[in-house]
Amino acid sequence: MEADSTITTMLTPIPLPRAPEAAASLLSDALAGIADETGAVSRDAAVGAFRRHLARIQSYVQHAFEHEQITGLQAARLLGALIDGVVAALFEHTITKADLGSIENLSIAATGGYGRGVLAPFSDIDLLFLTAEDPAPETLRVVEYVLYFLWDLGLKVGHATRSIGDCLIEGSKDTTIRTALLDARFLTGDLALFGDFHRRFRAACKEAGAADYIAAKQAERGVRHRRYGDSPFVVEPNVKEGRGGLRDLQTLYWIARYVFDTQTMGELADLGGILTQQEARHGRRAWEFLWTVRFHLHYVAGRAEERLTFDLQPVVGARMGYTRHGRQDGVERFMRHYFLTAREIARLTRILEPAILRSALGPPALEAETDDALLADGFVLAEGQLLPIAGRDFDAEPIQMLRILQIARDRGLELHPLALRSFIQNERRAVSLRGDPKAAAIFMDLLCGKEPDRHRPGGHDPDGARWLGILNETGFFGRYLPDWARIVGQMQFDTYHIFTVDEHTIEAVRILNTLERGELAEVAPIASELVDHVQSRRSLYLATLLHDIAKGRGGDHSALGAEVALEVGPTLGLTDEETETVSWLVLHHLLMSATAFKRDIDDPKTILDLADTIQSPERLRLLLILTVADMRAVSSKVWNGWKATLLRELYSRVAEVLAGGLATTERDVRVARAKQAVGALLTDWSPDEIEQFSAHGYAGYWLSFDPETHARHARLIRDAEHRKSPLTVDTQPLPARAVTEVTVYCADYAGLFSKISGALAIAGASIVDARIHTMTNGMALDTFWIQDTAGGTFDAPHRLARLSVLIEQALSGRLRLATEIRRVSKIVLGRRMQAIHVPPRVVVDNRASNTHTVLEVNGRDRPGLLHDVTAAISDQGLQIASAHVTTYGVRAVDVFYVKDVFGLKIENERKLKQLRKALLRALNNSDDIASPVSVPPVRKLKRAAAG
């Protein structure tokens with residue numbers, strides 16, 4: 001017990017007075033205690049005293065933040081005030097104890113974030129050494145002493161030494177310097193000098209006017225948003241620099257400070273007409289929340305980390321008290337709170353900025369040439385932009401919020417910032433439009449737009465995503481469509497989706513817009529062609545809008561979303577037939593991608609089952625277009641040439657069946673045609689040689705490849721037999737499909753597929769599909785389609801050469817596969833990816849194929865996963881006929897068509913139980929399990945900082 005008490009005492013921070021002035025006096029007392037008889041303190045002793053005091057400050061603030069329920073903003077202010085004391089004490093020590101002599105006319109001011117009185121744990125401190133005139137040598141020596149002292153303390157210091165005149169000149173030329181000076185706050189030294197600077201600087205700002213400064217800050221913000229993401233809903237947001245982050249709030253603060261010389265949101269609200277008290281409260285709440293997140297980020301990372309990455313999100317969320325509620329994990333609740341806060345800041349920008357501009361520049365000039373039709377609709381042109389007229393504003397006529405967007409689209413006009421401000425302030429009025437047929441008609445018109453005519457340039461192209469973005473950001477959409485409100489800011493904690501559900505959905509509509517404009521003809525030629533021929537255009541757009549509407553509700557979001565669609569369709573004016581089509585599309589929106597990437601599309605039953613579900617050519621067209629829009633909206637990395645090829649092949653085969661074709665039913669006829677086609681290509685072969693090759697392949701082989709590939713295989717096999725080569729490896733880059741085809745011809749034996757896939761993993765290749773064929777002569781002809789880790793073609797000559805060598809070494813036993821795979825895994829797997837939990841899952845399906853048992857294996861993707869899984873399958877005495885490999889971020893979904901040693905399905909329950917157990921063992925490979933991230937025991941913070 002005594003030892004425990006000692007440890008607790010050692011870990012408890014040394015008490016520090018909460019009042020910064022009292023804390024500074026402790027430092028002064030410490031310096032006095034180490035002074036010699038003459039009162040002098042050596043530099044080394046002083047550095048030691050300051051360093052100990054700084055450590056106590058940092059420890060004290062962290063303890064207060066993590067254990068005493070103060071918010072991040074309170075902690076930032078406390079840390080800033082305590083550092084003020086350090087700087088003041090250092091200046092005092094410098095001019096009185098360091099033998100540098102006394103100086104006059106020097107003032108030290110804080111600038112940047114420190115100037116605003118807030119400081120994050122690992123942030124820089126920015127200092128301005130202010131002089132009346134050009135600094136004298138004595139002054140420069142004092143400045144130099146202070147700076148080197150601070151650097152020796154381990155602080156990161158940004159600094160500038162300028163006279164008042166220099167400040168005014170440089171500030172007039174550079175907006176960044178002017179902003180830093182705007183934040184300037186007196187710390188120590190000559191107070192009268194700083195007061196003189198402040199008066200002259202404010203006068204210079206007033207003389208220069210606000211217009212140029214505001215424009216410069218807006219441009220600066222635009223550049224920053226393009227760099228860190230134009231959306232506030234990026235799933236790994238930058239808390240400081242991203243859209244809806246702290247810097248956006250600071251930009252509002254700078255603009256308001258420049259125009260009104262205000263310091264807080266409350267002061268702005270007190271001015272009247274600029275900001276309401278409620279809006280000011282929203283701003284303060286967002287400011288506090290983001291500062292709390294930032295403090296946790298810094299303490300967890302142990303550095304100035306501003307990006308809320310996947311590995312840090314669950315830790316920060318847990319520290320802030322977010323726990324699982326119902327079906328929603330704590331991290332998802334935390335990130336939704338974050339995204340809603342970011343959206344609130346974006347909305348606040350829309351509200352506050354126009355009001356400040358109008359106050360600084362006067363009311364907008366209404367244009368005399370506004371035509372009668374526009375006036376009759378209730379709008380006027382102000383500075384070339386649309387604005388509702390007095391008496392017909394959004395509060396009085398809520399439907400005007402939809403009409404203004406419709407007119408802006410039809411006339412090619414922009415919305416005035418004051419219109420957007422009014423939009424946000426009246427978003428609650430959208431509730432009154434539910435069930436209004438006129439509002440529904442305008443909404444559907446905005447969503448779908450006019451059908452494009454590519455033969456008549458100059459018309460309005462569909463741009464529904466643009467208007468949906470405005471409706472979503474202003475808050476109108478969630479009020480008008482309650483189901484939409486449930487997905488706003490909802491993240492999916494994986495590395496597959498890069499947007500929240502609402503942003504992904506709007507992006508899918510944007511992709512649909514680009515398909516209709518013909519801009520994706522090269523990457524998605526079939527969908528681009530079909531989109532001109534669909535009969536159910538309104539159903540397609542609404543299905544795209546609703547395809548993920550039930551995400552996060554638990555259960556199958558497709559089935560739940562189909563029910564939502566049945567309710568939403570009629571309220572938006574769709575007919576019963578259109579509504580039924582929308583519901584069907586939402587229910588099956590994952591069907592084509594799941595079939596193309598997880599099933600053997602060369603198996604006739606796969607095609608017939610899909611055709612039986614789809615039933616109509618129109619639905620097939622709609623489903624393909626929706627699939628393309630959905631996939632491309634997930635992220636730029638999801639779509640590639642290989643997936644496009646699989647979808648095109650699947651579409652053409654199902655379309656052939658729906659059109660009455662017999663290609664999938666007359667198996668023997670298709671095999672005979674394949675043999676005839678390859679014979680026609682082998683013009684330099686004798687009939688006997690062609691007959692001999694034709695006898696090598698079983699029916700499944702002939703139905704798996706095109707004639708050109710069959711011909712290539714024929715030459716490869718003849719060459720191998722001529723050379724009596726035990727192993728042949730052929731690589732064929734296919735740029736059009738974004739894959740490289742690897743063909744291995746050798747004697748067949750159990751575990752062959754596993755060894756080859758292990759060698760490919762070590763080579764750095766990612767397998768996307770595979771076909772395994774045993775020929776009638778007992779040889780294996782295994783084909784793998786691979787990509788590099790970035791999803792591109794694995795085609796560098798030196799990499800292909802190394803790949804062939806690794807396959808030979810693996811099959812000869814000279815390569816220690818398990819050891820090499822572990823080594824590669826340590827290099828590839830990072831902590832960010834390990835934070836995503838992927839529960840292992842094995843699904844056995846004996847209905848998907850007439851001839852094979854289909855195994856679907858889900859788990860965390862890693863190098864060698866396919867090797868481990870296929871080794872487990874082989875160890876169970878099963879033969880793999882084909883493998884289909886898909887990854888969704890860090891989730892791998894591998895599907896295998898297998899038979900037992902007698903060529904039959906596996907239907908014995910005891911055998912299936914053993915198989916599931918073996919596969920789960922392979923998925924839970926102990927070398928792959930990341931050590932859990934520890935979450936420090938932090939008490940739940942105040943309501944402002946927790947959910």
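In this predicted model, helix 26 and helix 27 cross in a right-handed manner. Helix 26 covers residues 557–571 and helix 27 covers residues 576–587. Their axes lie 8 Å apart and meet at an angle of about 160 degrees. Because angles over 145 degrees count as roughly antiparallel, helix 26 and helix 27 are roughly antiparallel to each other. On the side of helix 26, the contact is made by Ser558, Ala559, Gly561, Ala562, Ala565, Leu566, Gly569 and Pro570. Helix 27 contributes Thr579, Val582, Ser583, Val586 and Leu587.

A second helix pair is formed by helix 40, residues 865–875, and helix 41, with axes that come within 9 Å and cross at roughly 160 degrees. That angle makes helix 40 roughly antiparallel to helix 41. The crossing of helix 40 and helix 41 is right-handed. Leu865, Asp868, Val869, Ala872 and Ile873 of helix 40 touch Ala918, Leu919, Ala922 and Leu923 of helix 41.

The two pairs are set out below.

| Helix pair | Axis distance | Axis angle |
|---|---|---|
| Helix 26 and helix 27 | 8 Å | about 160 degrees |
| Helix 40 and helix 41 | within 9 Å | roughly 160 degrees |

Helix 41 spans residues 909–923, and the loop between strand 15 (891–899) and this helix holds leucine 904. Leu904 joins Val901 and Phe902 in a nonpolar patch on the surface, and together they have about 360 Å² of accessible area.

Charged side chains are considered next. The model has a count of 51 salt bridges. One salt bridge pairs arginine 429 with aspartate 395, whose closest N and O atoms are 3.4 Å apart. This pair links distant parts of the chain, 34 residues apart. Arginine 429 is in the loop between helix 18 (417–425) and helix 19 (437–448), whereas aspartate 395 is in the loop between strand 6 (385–388) and helix 17 (400–411).

Note on methods:
Residues are numbered from 1 along each chain as its sequence is written. This is a predicted model: local features need pLDDT of at least 70, side-chain atom pairs count only at pLDDT 80 or more; totals for chains, interfaces and linings use all residues. Side-chain values use heavy atoms; hydrogens and water are left out. Patches are made of residues with over 30% relative accessible area and no salt bridge: like charges are joined within 9 Å, nonpolar side chains (Val, Leu, Ile, Met, Phe, Trp, Tyr) within 5 Å. Accessible areas come from the Shrake-Rupley method with a 1.4 Å probe; for residues, only the protein chains shown count as cover. A salt bridge is a side-chain nitrogen of Lys or Arg within 4 Å of a carboxyl oxygen of Asp or Glu. Helices (H or I, at least four residues) and strands (E, at least two) are DSSP runs, numbered from the N terminus. Axes are lines fitted to C-alpha atoms, for helices over the stretch in contact, and angles run from 0 to 180 degrees between N-to-C directions. Angles under 35 degrees count as roughly parallel, over 145 as roughly antiparallel, 65 to 115 as roughly perpendicular and the rest as oblique. A crossing is left-handed if the near helix is turned anticlockwise from the far one by less than a right angle, and right-handed if clockwise. Contact means heavy atoms within 4.5 Å.
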